[in-house]
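Please open the model in your viewer and keep the selection tool at hand. The stops below are arranged so that each selection leads to the next.

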Amino acid sequence: MVLGYDISSRIARVMGIGDARVYGHSTHAIGPLFGAAAASASLGKLNNRQVRHALSYAGQQAPGSLPG
């Protein structure tokens with residue numbers, strides 16, 4: 001659970017989004033998505049390759065932009 005919260009709060013910075021609202025990115029949806037994927041991978045005791053796949057799948061599901 002702690003890993004999920006940690007990843008969730010850091011993902012925008014790691015992705016280099018910076019001030020996401022300026023660029024129209026929806027970090028309130030991206031952070032929890034990656035946090036849940038990381039926490040699930042940890043709980044599932046996935047190996048390194050499987051974790052990379054899980055995070056890749058999360059990235060593919062990440063929303064692209066805010067409405068408006």
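Begin by selecting Ile30, which counts as buried at 4% relative accessibility; buried means under 20% relative accessible area, exposed over 50%, and partly exposed in between, with a 1.4 Å probe and protein chains only. Ile30 is placed in helix 3. Add Ile11 to the selection: the two residues are 19 apart along the chain, and their C-alpha atoms are separated by 7.6 Å.

Before going further, note the basis of the values. This is a predicted model, in which local features need pLDDT of at least 70 and side-chain atom pairs count only at pLDDT 80 or more, while totals for chains, interfaces and linings use all residues. Residues are numbered from 1 along each chain as its sequence is written, and side-chain values use heavy atoms, with hydrogens and water left out.

**The whole chain**

Colour the protein chain by pLDDT, the predictor's confidence in each residue on a scale from 0 to 100. The chain averages 80, and 74% of the residues score at least 70. Among its elements, helix 4 (residues 48-61) has the highest mean pLDDT, 91, and helix 2 (residues 20-23) the lowest, 59.

Switch to a cartoon view. The protein chain has four helices and zero strands, where helices (H or I, at least four residues) and strands (E, at least two) are DSSP runs numbered from the N terminus. From that terminus on, the elements run α-α-α-α. Of the 68 residues in the chain, 24% are buried. A contact means heavy atoms within 4.5 Å; of the contacts in the chain with a separation of 6 or more, 57% are between residues 24 or more positions apart.

**The nonpolar core**

Which residues make up the largest nonpolar core? Select Ile11, Ile30, Phe34, Ala37 and Ala58, five residues in all. Helix 3 gives the most to this core, with three residues. A nonpolar core is a set of buried Ala, Val, Leu, Ile, Met, Phe, Trp, Tyr and Cys residues joined through side-chain atoms within 4.5 Å. In soluble globular proteins, nonpolar side chains tend to be buried together.

**Gly35**

Next select Gly35, also in helix 3. Gly35 is buried, with a relative accessible area of 4%. Apart from neighbours within four places in sequence, Gly35 is in contact with Gly4, Ile7 and Ser8. Display the distance from Gly35 to Ile7: their C-alpha atoms are separated by 5.0 Å, although the residues are 28 apart along the chain.

**The salt bridge in helix 1**

Move to helix 1 (residues 2-14) and select Arg10 and Asp6, which lie four residues apart there, about one turn of the helix. They form a salt bridge, with the closest N and O atoms 2.5 Å apart. A salt bridge is a side-chain nitrogen of Lys or Arg within 4 Å of a carboxyl oxygen of Asp or Glu; by this rule the count comes to one. Arg10 is partly exposed, at 41% relative accessible area, and Asp6 is partly exposed at 29%.

**The loop before helix 4**

Now select Lys45, in the loop between helix 3 and helix 4. Is Lys45 buried or exposed? Lys45 is exposed, with a relative accessible area of 73%. Its phi is near 55°, a positive value in a residue other than glycine. Most residues other than glycine have a negative phi.

In the same loop, between helix 3 (27-43) and helix 4, select Asn47. Asn47 is partly exposed, with a relative accessible area of 43%. At the start of helix 4, a side-chain oxygen of Asn47 reaches to within 3.1 Å of the backbone nitrogen of Arg49. A polar atom of the Asn47 side chain also lies 2.8 Å from the backbone nitrogen of Gln50.

**Helix 4**

Finish with helix 4, and display the distance between its end C-alpha atoms. At 1.5 Å a residue, the 14 residues of helix 4 should span 20 Å, and the end C-alpha atoms are 20 Å apart, which agrees. The expected span of a helix is 1.5 Å times one less than its number of residues.

How values were computed. Polar contact = N/O pair within 3.5 Å; in protein donor to acceptor, adjacent residues only side chain to side chain.
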